[in-house]
Amino acid sequence: MEIPYGHTEKIKINQHAKPALATQVDAHRAVLLILPETAGAAAWKQLPYAGLLRPRFRRLQHRDRHATRLVTDLPNATHVILQTLDPQCSTFELLTAARKLAEKLREQDPTSVLLQLAGFKKPQARRLTEALTAALLASVCPMPSYKSDAEKPAALKRIEIHGLEETVGLGQVRAEITGNHLARWLSALPANELTPGVYRKFIAALARKEGWQMSFLDHEALARKQAGAFLAVAQASPVRDAGIVHLRYRPRAHAGKPRLALVGKGICFDTGGVNVKPAKYMNGMHEDMQGSAVALGTLLALSRLGFDRPVDCWLALAQNHIGSRAYKPNDVVRACNGTSIEVIHTDAEGRMVLADTLALASREKPQLMIDYATLTGACIHALSSRYSGVFSNRDALHGPLTAAGRDSGERVWPFPLDKDFDEALKSSIADIKQCTLEGEADHILATRFLNRFVADGIHWIHVDLAASNHKGGLGHIPTDTTGFGVRLTLNLLLQQRVLETPWS
Ligand SMILES: [Zn+2]
């Protein structure tokens, strides 16, 4: 299976301190000019063709005083988009504005784009450059298509950025886009294409290419480990291709450095099991593996950045099928850490496969473990698909988590995880109930359930991916499938530096 996740890595990006000259503008089909809303004469003077563009923008603002965007053509047919932006706005707003600009440019399908910033202070110019580059790259990522007359891939080969007093490091943006693209592509694949077996083979090829070690725990290996929670979900599959992938990324001189574990729910299709989903809710369930794709995309991005800490990545790949062998409500199964579970609702399969995966990942004693899962409808009810929910067994991590959400534009909000929620999960026959049927804060109960499988001493973050699919795109991402989580995690690790603090 070929996935063009490296597509944007071939796009050249050049940065220039000097404002663009008219002759340089003439050489491009599409030009993007960005000014602050309060731009004065000095900022305008830095723009090429200012004498022509400023009166046109004034006329536009005369008609509509809220106008912030002028779309026009120069005499030589160069297409110009002139946009004013408030440099104080949030990263999310900046990324959203950048996505809309990138979508406008995409209509022109240029081979090169000239981007000129004028009138911004250095840190503002850096933020804008990062957001605009992220959106331009995200806008040209191809997505799976099975149409007979498939859309041509975007022509963009080069971005020239002018007016930067200092060079902006774009390595993190580029790595994030590559990881996010991989996550989006995998998630958008139909379930008859991306079976657990096909997925595993793709990951094996990727691991060879990227120099990661890989092992795979199949049905037999999981049975030996007594991973009864995972196997309960997998047992209805007519093909025994489910299992847990374990990837190891080991940078040079990693000995003694605290380890990170990334864990992902990879349900390649979720029928709901014998508590079968109605049509409206089963639609889109090929994306129920997005947690695993986000964990994998994050690993790829970290690998591209030469992250200096060892990372283990655990992906729970399975399907939740109906059939005579399927697990049923009131079945009692035992996970590999010895905890017995009373099954209540077979559509709560995500927490079942994650239970054993988290317990196995815990045995390697990572300092920090982050899991990603499209886990609960309750989280979407609470936050909509604009935010994702986060939980941690260390309250002190709520600060860095919300900061990473704000700073990256992939917004998250923390939920509580107090012990007394466990009362709802008391079972008369087993150690714990899988869930309840009452619909009370299921996102919190699901996390309390998962908490049983995370070993003490591990700093743990659970991301309930409510924002995995947002109609029309979200932030800088133009597709419904968002790949939410890669950008957030890079910020958490590289800007908030959560691996470097002992959280209590
Ligand atoms: Zn489900």
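1. Two residues are taken to be in contact if their C-beta atoms, placed from the backbone, lie within 7 Å. On that criterion, and leaving aside residues up to four places away in sequence, Phe230 touches Leu222, Ile244, Ala316, Met352, Val353, Asp356 and Thr357. The structure under discussion is a predicted model.

2. Phe230 also belongs to the largest nonpolar core, which has 157 residues. Together with Ala98, Ala135, Leu296 and Leu299, Phe230 is listed among the members with the most contacts inside that core. Helix 5 (residues 122–139) supplies the largest share of the core, namely nine residues. The core lies between domain 1 (7–165) and domain 2 (175–500), because both domains give residues to it.

3. Concerning the overall fold, the protein chain contains 16 helices and 17 strands. The radius of gyration is 24 Å, close to the 23 Å that the globule rule gives for 504 residues, so the chain is as compact as a globular protein of that length. Along the principal axes, the C-alpha atoms fill a box of roughly 80 × 55 × 45 Å.

4. Burial and contact order may be read together. Buried residues make up 50% of the 504 residues in the chain. Of the contacts with a separation of 6 or more, 80% involve residues 24 or more positions apart.

5. Helix 16 (residues 486–495) merits separate comment. This helix is mostly covered, with eight of its 10 residues buried. The buried residues are Val486, Arg487, Leu488, Thr489, Leu490, Asn491, Leu492 and Leu493; the list thus includes Arg487 and Asn491 alongside Leu488 and Leu490. The partners against which the buried residues pack are helix 6 (171–188), helix 11 (290–304), helix 14 (398–408), strand 13 (368–373) and strand 15. Just after helix 16, Arg497 adopts a positive phi of about 50 degrees.

6. Is Asp420 buried or exposed? A residue counts as exposed if 12 or fewer other C-beta atoms lie within 10 Å of its own. Asp420 has 8 C-beta neighbours inside 10 Å and therefore counts as exposed. In the chain, Asp420 is found in the loop between strand 15 (412–414) and strand 16 (432–433). Strand 15 is also one of the elements against which the buried residues of helix 16 pack.

7. A long-range distance completes the note. Asp420 and Glu107 are 313 residues apart along the chain, and their C-alpha atoms are separated by 54 Å.

Methods
Residues are numbered from 1 along each chain as its sequence is written. This is a predicted model: local features need pLDDT of at least 70, side-chain atom pairs count only at pLDDT 80 or more; totals for chains, interfaces and linings use all residues. A nonpolar core is a set of buried Ala, Val, Leu, Ile, Met, Phe, Trp, Tyr and Cys residues joined through C-beta atoms within 7 Å. A residue is buried if 20 or more other C-beta atoms lie within 10 Å of its own, exposed if 12 or fewer, and partly exposed in between; C-beta atoms are placed from the backbone. Helices (H or I, at least four residues) and strands (E, at least two) are DSSP runs, numbered from the N terminus. Domain bounds come from an automatic or database domain assignment. The radius of gyration is taken over C-alpha atoms; the globule rule is 2.2 Å times the number of residues to the power 0.38.
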